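Work through the exercises below with the sequence and the coordinates at hand. Each task is followed by a solution in steps.

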Amino acid sequence: MSHYTLLDASGLPYRSGTPGTVGGHRRSKIYGRLDCPSALRAIASGGYVGHRVFFADARTATAAGYRPCSVCLPEAYRQWKAAT
C-alpha cells in the first residue's frame, strides 16, 4: 500500500493512504490543481519541488492558510481576492 504525506488544516503533515487532490507551494502559500500549467513550468525549470506540499482538498488547503492559484483556479481566486 502506498502512503502519501499530506498537510492537515493546521498545516501539519500526516500520512494518508489516499493521494492529495490539490498541491501547494509552502513558501508562496498558494494551492492549485495537480496539473496546473504554472506549477508544471516551475517544476520543469528545476524549482518548486523542494517546497511542494499536498492537501486532501481545497477546503483543507484554505484552512491551512493557502490561497487559490489564479492560473488554474481563476474563479476560486476571484472569490478569495474579493473577500480579502
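**Exercise 1.** Between which strands does the loop with Lys29 lie? Then describe the backbone and the exposure of Lys29 in this predicted model.

Solution.
- Step 1: Locate the residue. Lys29 sits in the loop that links strand E3 (22–25) and strand E4 (30–33).
- Step 2: Check the backbone. The phi of Lys29 is positive, about 60°, although Lys29 is not a glycine.
- Step 3: Check the surface. Lys29 has a relative accessible area of 36% and is partly exposed.

**Exercise 2.** How many disulfides does the structure hold? Examine Cys36 and Cys72 to account for the result.

Solution.
- Step 1: Count. There are zero disulfides in the structure.
- Step 2: Take Cys36. Cys36 is in no disulfide, and its nearest cysteine sulfur belongs to Cys72, 3.6 Å away.
- Step 3: Apply the cut-off. A disulfide requires the two cysteine sulfur atoms to be within 2.5 Å. The sulfur of Cys72 is 3.6 Å from that of Cys36, its closest cysteine sulfur, and is therefore too far away for a bond.
- Step 4: Add the accessibility. Cys36 is buried at a relative accessible area of 3%, and Cys72 is also buried, at 5%.

**Exercise 3.** In which helix is the place of Pro74? State its exposure and its distance to Gly32.

Solution.
- Step 1: Assign the element. Pro74 belongs to helix H3 (residues 74–83).
- Step 2: Read the accessibility. With a relative accessible area of 33%, Pro74 is partly exposed.
- Step 3: Set sequence against space. Pro74 and Gly32 are 42 residues apart in sequence, and their C-alpha atoms are 9.9 Å apart.

Technical notes. Residues are numbered from 1 along each chain as its sequence is written. This is a predicted model: local features need pLDDT of at least 70, side-chain atom pairs count only at pLDDT 80 or more; totals for chains, interfaces and linings use all residues. Side-chain values use heavy atoms; hydrogens and water are left out. Buried means under 20% relative accessible area, exposed over 50%, partly exposed in between (1.4 Å probe, protein chains only). Helices (H or I, at least four residues) and strands (E, at least two) are DSSP runs, numbered from the N terminus.
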